[in-house]
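Here's a walk through a protein model, taken one piece at a time. Keep the viewer open and follow along.

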Amino acid sequence: MQKKLMLAALIGSTFASLAMAEDAPPASPWSFNVGLVSDYIFRGVSQTHGAPALQAGVTYTNPNGFYANLWGSNITWVKDALGSGSLEIDASLGFKNAFGDSKWGYDVGYYTYNYPGHGSTNPPASFLANPNTQELYGALTYDLGNNNSLMAKYSYATSSYFIGWYNPVTLQDSRGSGYLEFDGTFDLGNGWGLTAHAGHQTVANWGHANYSDVNVGFTKDVGFGVIGLLVSTTDAPSGCSAGTNAVATPATAPYCWGNNGATSTNGGPTGGWKNVARSTAVLSFSKTF
């Protein structure tokens, strides 16, 4: 009798599990995210002149590894340089997967940075041309287990200009600019996370704008979202003043930027100078759903 009861219980639990699996809705391939940062930092350089940014994105992920992403943020640097344009909209397509059953994986794709409504785009308006940028990228990843991972990635600019850079002396474009980065993501438990990053940006035909950046960040999942603190620094020249700014002396102060009196015809900001590649700390809040 006891064996019959055990068998009945086993059969009942099996059918219950199957019923629950059938009733459970399939995981959605769509995810959405919103965030607020105290400063929008891109590869170690502020895109908002040290001001906060509101950001949002949507991602589609197919089980076969294909994904597509659309993301946007407010910015200031394009308006400061070219007279108009306060929005960045990025789009990307990619494919990522693992190498067989190993812990090694890959991620390849195409990324575009778009700045609607940007002003003058004809050199030598200042030292900036068309800011819209397209990149191809490839990454190698390694799964350390327990939500820990490492990544090495290289991005290559295929557009004529990388984020508007060009050589103001020879008027050569910056196609072929590249960014090499190494990243680590670590789960510390109890909702805590750690990120570490090191990268090096090269700007084709204008080596004065080359630099390296490093950052370390901590995150905490608080249930209704994730809060974070990121500390970022670069080796870009730190001297910054009205007389040694990116417009007046781009060879020696490429990341000394202003935010006042910008025009779309003859050369950008006239005051409020700040080294936008300086060491900084960024607070953030994000929510994915």
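**From strand to strand**

Strand 9 and strand 10 run antiparallel, joined by eight bridges. This is a predicted model, so keep that in mind as you click around. To find your place in that pairing, look for Met151, which sits opposite Asp183 in strand 10.

Now go to the other partner of strand 9. Strand 8 (residues 133-145) pairs with strand 9 (residues 148-157), again in the antiparallel sense, and this time there are 10 bridges. The two strands make a hairpin with two residues between them, and Asn146 there has a positive phi near 55 degrees.

Tyr142 is a handy residue to stop at here. Tyr142 belongs to strand 8, and across from Tyr142 in strand 9 you'll find Leu150. Is Tyr142 buried or exposed? Neither, really: buried would need under 20% relative accessible area and exposed over 50%, so at 27% relative accessibility Tyr142 counts as partly exposed. Once you set aside neighbours within four places in sequence, Tyr142 is in contact with Asn148, Ser149 and Leu150, and also with Lys103 and Trp104. As for Ser102, its C-alpha atom is 9.0 Å from that of Tyr142, although the two residues are 40 apart along the chain.

Next, move along to strand 12 (211-221). Strand 12 runs antiparallel to strand 13 (residues 226-234), with nine bridges joining them. One pair to look for is Asp221 with its bridge partner Val226 in strand 13. These two strands also form a hairpin, this one with four residues between the strands, and Gly223 in the turn has a positive phi of about 95 degrees. Strand 13 has another antiparallel partner in strand 16 (residues 280-288), through seven bridges. There, Ile227 stands opposite Phe285 in strand 16.

Asp221 and Val226 turn up again in the lining of the second largest pocket, along with Asn147, Phe186, Trp192, Lys220 and others. Which strands supply at least two residues each to that lining? They are strand 10 (178-189), strand 11 (192-202) and strand 12. The pocket holds about 150 Å³ of space, and its lining is a mix of four nonpolar, five polar and three charged residues.

Let's go inside the protein now. The count comes to one cavity of 30 Å³ or more, and about 290 Å³ of space lies in the largest cavity. Its lining takes in 20 residues, with Val45, Trp77, Ile163, Trp165 and Tyr255 lying nearest the centre. By class, that lining has 14 nonpolar residues, five polar and one charged.

Some of those names come back in the largest nonpolar core, which has 32 residues: Trp77, Trp165 and Tyr255 are among the members that touch the most others, together with Tyr40, Tyr115 and Trp257. Strand 5 (66-74), helix 2 (77-82) and strand 7 (104-114) each contribute at least two residues to this core. Helix 2 gives the largest share, four residues.

For a last stop, pick Tyr115 and look around it. Not counting residues up to four places away in sequence, Tyr115 touches Ile75, Trp77, Val78 and Leu87, plus Glu88, Pro131, Asn132 and Ile163. Two of these, Trp77 and Ile163, are also among the residues nearest the centre of the largest cavity.

How values were computed:
Residues are numbered from 1 along each chain as its sequence is written. This is a predicted model: local features need pLDDT of at least 70, side-chain atom pairs count only at pLDDT 80 or more; totals for chains, interfaces and linings use all residues. Side-chain values use heavy atoms; hydrogens and water are left out. On a 1 Å grid over the protein atoms alone, a cavity is a set of points where a 1.4 Å probe fits but cannot get out, and a pocket is an open set with protein on both sides within 12 Å along at least five of seven lines; lining residues have an atom within 4 Å of a point. Grid points are joined across faces, edges and corners, and a volume is the space filled by probe spheres set on the points. Ala, Val, Leu, Ile, Met, Phe, Trp, Tyr, Cys and Pro count as nonpolar, Asp, Glu, Lys and Arg as charged, and the others, Gly among them, as polar. Buried means under 20% relative accessible area, exposed over 50%, partly exposed in between (1.4 Å probe, protein chains only). Contact means heavy atoms within 4.5 Å. A nonpolar core is a set of buried Ala, Val, Leu, Ile, Met, Phe, Trp, Tyr and Cys residues joined through side-chain atoms within 4.5 Å. Two strands pair if DSSP finds at least two bridges between them.
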